[in-house]
Amino acid sequence: MTNSTQISRRDVLKLMGLGAGGAFLSACGLLPSASTNPTAAPVFPTPLTPLPDLPILSAELTAGRGTLPIFSGKETPVWRYQASVKEGGGDFIQTLSGSYLGPIFRVKQGQRVQVRLNNELPDPTIIHWHGLKIPEEMDGHPRYAVAPGKSFDYDFQVINRAGMYWFHPHPHQLTGPQVYYGLAGLFIVSDEEEAALGLPAGEYDLPLVIQDRIFDSQNQMVYLANGMMDSMIGFLGDTILVNGSPNAILDVKASAYRLRLLNGSNSRIYKFAWQDGTPLTVIATDGGLLETPVTRDYITMGPGERVELWADFSGRNAGSEMKLVSLPYTDFSGGGGMMGGGMMGSSGLPNGTPFDILRLMIGEKGADVNPLPSQLSTIERHAVNDAVNGNNPRSFRLAMQGMVHTINNRLFEMDAVAQDEIVRLNDLEVWEFVNLEGSGGGMGMGMMNMEMPHPMHIHGVQFQVLERQIARGFESAYQELSGGFVDEGWKDTVLVMPGETVRVLVRFENYTGIYLYHCHNLEHEDAGMMRNYRIKG
Ligand code: C2O
Ligand code: CU
Ligand code: CU
């Protein structure tokens, strides 16, 4: 590796944290006013908060093909969003030159966002804003996917509290490959409550997107080389990228940082830890700040989940190094039968493989460190007694049937909503995901013991984890990861381990309409482990 590629990788990582946006942006003209949406989109179906005195953020995202120098030698073909913003909006979008990822939106709660998506890909696409509470027409359901050459206009108000949300494609059966080839960005919301805390900001606020990939000798990304087997397990790579860079190294100062982690991988589950055993200080999850910081020896993250860490390097010596790693754990998907033998496994490295994730090189003294507040936020806890179905959870049985994974024996259907998939606006419900039906019991897979974790995600809401139960016989593998769950705050994606039942409390507020719930293992999702649900007024 040449020195210059090293530097550019560090620059890419640094860019993720820099506040200045304008320099990286090319201004473009005003957005055309004619809508090309399949249905005319209303502006604000239900404005819930008064619109503060904030400029409207208008941007265009063009999804298209490109190439990047990820390794020395041949450039890597990627798919990516190219962003351009209307004049005056430059502070709200950071682009990441040198990375396939991005852009990063940095918006304020209450702000109105208008985005035109231009599809210059060879396939249909649509953007889903993961974790945001927005009207169904804006949510990126696959039925809104636009053909190559077409556009889609988004227009919504950000009502979520401060937190790191993200966006990615969501077209029918093509989410996995489109994310894999590079399409994903971050959507960071701030609010006044958070601003008052004095958390590390500007260059001390570092989003870190962790993904795995496989590259061939020509530096081309390889997807699902083992076909059905890869898709049944989910794609697992052999190379870790942070913000699109392999062998990621980041120069930091001796100061406190806010590290915002997104597991943006298609299916890999990480067990993150500091290599020297320093406990991790967690301040936020999917839906924003926790009430109080919590510590963990390691954190477990399934695809789609976010965790924010507060990391204080101020006591460390210049020239020292901190390393974020993923610790080894027992692979659940290949435990027994033929899977373990490798001949039928996925093409990359199995779940549970230890990895170095990111090296942080500590340099000179940085900004003075504000002590981390012991109270970060207030979270109103949902009470199971307030749920309309407290004694009778709405149950979703996750199972493997043949080569696909089902939810209550069903696969995705574009327009269908079953009777038991209809909820009422403003109801608080208990939902339960039951992962007790691997294919160990037969179903034609015979010799395979196929126990799969499923990161379950619900669109349009943030929920709270009520309880987890692990079935007998599954405890030992479970306990290697369960100490790393952070269930204290708002979540939109929850990892459901083999043998586990997870109950969540979820209120269907804000909007009526058809939304999705699905497994965020993107290969499972594409193969049909996804369903509509309807919020009825
Ligand atoms: Cu991030 Cu429907 O997903
Ligand atoms: Cu989502
Ligand atoms: Cu799954």
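**Overall fold, a mixed sheet and a copper site**

The protein chain comprises six helices and 31 strands, as seen in a model that is predicted. Of its 537 residues, 60% are buried, and the chain exposes about 19300 Å², of which carbon and sulfur atoms supply 50%. When contacts between residues at least 6 apart in sequence are considered, 81% of them join residues that are at least 24 apart.

The nonpolar interior was examined next. In soluble globular proteins, nonpolar side chains tend to be buried together. The largest nonpolar core of the chain holds 34 residues, and the members that touch the most others are Leu-261, Ile-299 and Ile-357. Strand β21, spanning residues 355-365, contributes five residues, the largest share of this core. Apart from this core lies another, made up of 33 residues and including Trp-79, Phe-105, Val-115 and Val-158. With residues up to four places away in sequence left out of the count, the contacts of Ile-299 include Leu-261, Tyr-270, Phe-272 and Leu-280, as well as Val-307, Leu-309, Gly-484 and Val-486.

Among the strands, five form an open sheet of mixed pairing, in the order β23-β22-β25-β29-β27. Its edges are occupied by β23 and by β27 (463-470), each of which pairs on one side only. On average, and with direction ignored, neighbouring strands of the sheet are turned by 20° against each other. Strands of a sheet pair through backbone hydrogen bonds, either parallel or antiparallel.

Strand β22 (residues 394-401) pairs in the antiparallel sense with strand β23 (residues 404-407) over four bridges, whereas β22 runs parallel to strand β25 (residues 428-437), to which five bridges join it. Ala-399 illustrates both pairings, since this residue stands opposite Thr-406 in β23 and has Glu-437 as its bridge partner in β25. The strands β22 and β23 form a hairpin with two residues between them, and in the turn Gly-402 adopts a positive phi of about 65°.

A copper ion, ligand 3, is held in the model by three protein donors, namely ND1 of His-454, SG of Cys-519 and ND1 of His-524, which lie 2.0 to 2.1 Å from the ion. Along the chain these donors follow the spacing H-x64-C-x4-H. Two of the residues concerned, Cys-519 and His-524, are buried.

Note on methods. Residues numbered from 1 in each chain as written. Chains lettered and ligands numbered in written order. Predicted model: local features only at pLDDT ≥ 70, side-chain atom pairs only at ≥ 80, totals over all residues. Heavy atoms only, no water. Donors = N, O, S within 2.8 Å, 3.2 Å for Na, K, Ca; no water. Buried < 20%, exposed > 50% of the residue type's maximum accessible area, 1.4 Å probe, protein only. Pairing = 2+ DSSP bridges. Axes fitted to C-alpha atoms, helices over the stretch in contact; angles between N-to-C directions. Contact = heavy atoms within 4.5 Å. Areas by Shrake-Rupley, 256 points an atom, 1.4 Å probe, with all protein chains shown as cover. Core = buried A, V, L, I, M, F, W, Y, C linked by side-chain atoms within 4.5 Å.
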